[in-house]
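Thank you for making room for this on the agenda. I would like to walk through one chain slowly, beginning with the whole and then turning to single residues, so please keep the picture in view.

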Amino acid sequence: MNREDFNKSMCSAFILSALGLPLLSTSCSKSEEIPGSGEFDEILLEQGIKREGNTLTISMDHSKFQELKTPGNFINDLENGVLVLRKDAESIIAVSNCCPHQGSRSRWQYLGEGKFLCTNHGNRFDTGEGNTAACNSNRTSGNLKQYPASFEEAVITIDLS
Ligand code: FES
């Protein structure tokens, strides 16, 4: 659900309350109650990131992730073990942040054209299909493990399974 759908689905009384406007009615009708997914969207709005099972969702409207709106920028999500790259205007790439060489997760630089450098020992890795170099396998080249990723408006969805 995107922000617009979320706003449409929210109880109008809740919205008025959040805006500090007086309420004519203090309760929501059954049909206007915040749906079960509302809690999910509130977390996404507040924290900008949410994981449910193997699905990771990131809001580029959140201040922590706005940089992903600009091609060439990436984030390193250490908690979920993933590098998320805004490769260009149309594509998001998500790859494992575990370096195939010796497993470092926090020393990444983006070199452009889908290539990352691990500054721990200076090895470069790609983000293409096939020739996947497994985490901590002593490989010094190849592709980082890729996860299916897409985005719609400002919401990125990554399948970490
Ligand atoms: S751990 Fe990344 S290059 Fe060695």
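Let me begin with a question: among contacts in the chain between residues at least 6 apart in sequence, what percentage join residues at least 24 apart? The figure is 39%. Please keep in mind throughout that this is a predicted model, with an average pLDDT of 83 over the chain and a score of at least 70 for 75% of the residues.

In outline, the chain has 3 helices and 11 strands, and if you follow the elements from the N terminus you meet three α elements and then a run of β elements. Of the 161 residues, 22% are buried.

A word of caution belongs here, before we look at details. Over residues 6-36 the pLDDT stays under 50, and for that stretch the model has 22 contacts beyond four places in sequence. Where pLDDT is low, the predicted coordinates should not be read in detail, and I will leave that stretch aside.

Let us turn to the strands, starting with a hairpin. Strand E1, residues 49-52, pairs with E2 in the antiparallel sense over 4 bridges, and within this pairing Lys 50 stands opposite Thr 57 of E2. The hairpin has 2 residues between its strands, and Gly 53 takes a positive phi near 60° there.

Next comes an open sheet of 4 strands, in the order E3-E4-E5-E9, where the pairing is antiparallel. Strand E3 (74-77) and strand E9 (146-147) stand at the edges with a single partner strand each, so one side of each is left without a neighbour in the sheet. E3 is joined to strand E4, residues 82-88, by 4 bridges, and the two run antiparallel; as one example of the register, Ile 75 has Val 84 in E4 as its bridge partner.

Val 84 brings us to the interior, since it is among the residues with the most contacts inside the largest nonpolar core, a set of 25 residues, together with Ile 58, Val 82, Leu 83, Ala 94, Ile 156 and Ile 158. The elements that give two or more residues to this core are strand E2 (55-59), E4, strand E5 (91-96), strand E7 (115-118) and strand E11 (155-159), and E4 gives the most, with 4 residues. To see how the core is put together around one residue, take Ile 158: leaving aside neighbours within four places in sequence, Ile 158 is in contact with Leu 56, Val 82, Val 84, Ala 94, Tyr 147 and Ala 149.

Finally, I would like to visit two loop residues. Arg 107 lies in the loop between E5 and strand E6 (108-112); is Arg 107 buried or partly exposed? Arg 107 has 15 other C-beta atoms within 10 Å, and is therefore partly exposed. Beyond its neighbours within four places in sequence, Arg 107 is in contact with Cys 118, Thr 119 and Asn 120, while Asn 97, 10 residues away in sequence, is 9.2 Å away in space, C-alpha to C-alpha.

Asn 138 sits in the loop between strand E8 (123-125) and E9, and it counts as exposed because it has 10 C-beta neighbours inside 10 Å. Asn 138 and Cys 99 are 39 residues apart along the chain, and their C-alpha atoms are separated by 8.9 Å.

How values were computed:
Residues are numbered from 1 along each chain as its sequence is written. This is a predicted model: local features need pLDDT of at least 70, side-chain atom pairs count only at pLDDT 80 or more; totals for chains, interfaces and linings use all residues. A residue is buried if 20 or more other C-beta atoms lie within 10 Å of its own, exposed if 12 or fewer, and partly exposed in between; C-beta atoms are placed from the backbone. Two residues are in contact if their C-beta atoms, placed from the backbone, lie within 7 Å. Two strands pair if DSSP finds at least two bridges between them. A nonpolar core is a set of buried Ala, Val, Leu, Ile, Met, Phe, Trp, Tyr and Cys residues joined through C-beta atoms within 7 Å. pLDDT is the predictor's confidence in each residue, from 0 to 100.
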